[in-house]
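Work through the exercises below with the coordinates open. Try each task before reading its solution.

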Amino acid sequence: MARRAGVAPSTVSYVLSGKRVISPSTRERVEQAIRELGYRPHAGARALASNRTNILALMIPLHANVGVPVVMQFAVAAATAARRHDYDLLLLTQEEGEQGLRRVVDGAIVDGLIVMDVQLHDARLPILRSIDLPSVLIGVPADPAGLTCIDLDFRAAGAVCADHLAGLGHRRIAMVGSPPEVYARETAFAQRVSDGFQAAAREHGMTAQVIPCAPTVEAAQRLVDRLLAEDGAPTGLVVHNEPILEPLMAAFAARGRRIPEDLSVVALCPHDVAEHPIVPVTNVAIPAAEVGERAVDLLIELLAGRSVPERTLLPPVLTVRASTARAPG
C-alpha cells in the first residue's frame, strides 16, 4: 500500500490508526491504495498490537416472557452505533449471570460491556465495579454508585400515565403490569413503573392497584373478569405488558365496556403497537433506539478515558390518542 500510494509505511499506519494528523491529499492517496488493493485489517493482529479487540458485548439474558421485539430494537441501535465507531457488537443472550460475565472478562474478548435486564439488586454489580473493563448499564439498580447507567425514567413514565388519567377526572385506576416473574426478579424498570404509578395515584387521591399478568390471551381475559367483578371497577387502565394490550381491549369490549367512553386506556409500548388497535392507544413509548445508541456512545467515551454522567434518564413523552377521555359520569 505504501508503494502504491508513494508514501512511507508509517504514513499508511497513521492513516489506518488515526494516531497522527495526515494531510487530506496524502490521506486520499493512501485510502485510494487501500481500495485498489482490497486491504482489510487483520482483527487478530490488530488486537495483539493494540491490546484492543474493537468488539463490544451486549449482554441480554433472554428470560421467558422477555419482550423480544423491543429488545431487538435496543440491539439493532447499539450495533449500528458501534459500527459508526468502528466497533463490532457481540450479542450474549445466555442467562449466565456472574459466570457469563466472568467468562467474557477473563477471556479478554471484548473492550467494553453494555448490560441489559438490570435488576434492583443485581448479582453482577460487584463484578462490574471491580473490573477494569468499562461498562454501561441499560437500567438503573437500587444502588448505582460507581456505575454508568442509562434508561428511560420509568418512575416518571408510570407517574405520567396516572397524571394523565387524573387530569381526565378518573378516580379509580389500575395498572396491568409485567408478568409475575419479572417482579420476582426485581427487574428495575418494572418496579420503577409500578412505584411511579402508585405514588402519583396517591398524590391525586385516586384508588389504584397494580396487577401482574402473564402475557397470554387467557390471562388477559381472566384479569378483565376479575376487575369487572370488583365493586367500583376502574375507569382508567395503564398497561405495561405489550403482548396483551389488544387482548385486554378486546376482552373489555366483549363484556360491554367501550373505549374510551367507559374505560380509558394508556400503555407503555412502542408507537407502532399503540397505533395498531381499532382504537389507537394513548402511550408512552420506550425509546429503545435512542437508549441503545447513547449507551454505545457513553461506552466509547469511557474507552477514551473521558468522564461521563453516572446516570442518564430520558424523560417520558406521552402521546395522546383516541383511547383516553373524560371519566364517565
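**Exercise 1. Burial and surface**

Task: State what percentage of the residues of the protein count as buried, and how much area the protein exposes.

Solution: The model is predicted. Start with the residues: the protein has 329, and 48% of them count as buried. Then take the surface: about 15700 Å² is exposed. Carbon and sulfur atoms supply 52% of that area.

**Exercise 2. Fold and contacts**

Task: Count the helices and strands, give the spans of the C-alpha trace, and find what share of the contacts join residues at least 24 apart.

Solution: The secondary structure comes to 14 helices and 12 strands. Along its principal axes, the C-alpha trace spans about 85 × 40 × 35 Å. For the contacts, keep pairs of residues at least 6 apart in sequence; 70% of these join residues at least 24 apart.

**Exercise 3. Charges**

Task: How far apart are the mean positions of the positive and negative charges?

Solution: Take the 32 positive charges and the 36 negative ones. Average the positions of each set; the two means are 6 Å apart.

**Exercise 4. The aromatic pair**

Task: The structure holds one aromatic pair. Is it stacked, edge-to-face or tilted?

Solution: The partners are Phe154 and Phe189, 5.5 Å centre to centre. Their planes meet at 45 degrees, and the pair is tilted. Stacked needs under 30 degrees and edge-to-face over 60.

Next, place the rings. Phe154 sits in helix H8 (residues 154-167) and Phe189 in helix H10 (residues 188-203). They are 35 residues apart, so the pair links distant parts of the chain.

Last, check exposure. Phe154 counts as buried, at 6% relative accessibility. Phe189 is partly exposed, at 32%.

Key
Residues are numbered from 1 along each chain as its sequence is written. This is a predicted model: local features need pLDDT of at least 70, side-chain atom pairs count only at pLDDT 80 or more; totals for chains, interfaces and linings use all residues. Side-chain values use heavy atoms; hydrogens and water are left out. Helices (H or I, at least four residues) and strands (E, at least two) are DSSP runs, numbered from the N terminus. Buried means under 20% relative accessible area, exposed over 50%, partly exposed in between (1.4 Å probe, protein chains only). Contact means heavy atoms within 4.5 Å. Accessible areas come from the Shrake-Rupley method with a 1.4 Å probe; for residues, only the protein chains shown count as cover. Lys and Arg count as positive and Asp and Glu as negative; His and the chain ends are not counted. The place of a charge is taken as NZ of Lys, CZ of Arg, CG of Asp or CD of Glu. Rings of Phe, Tyr and Trp (its six-membered ring) pair if their centres lie within 6.5 Å; planes under 30 degrees apart count as stacked, over 60 as edge-to-face and the rest as tilted.
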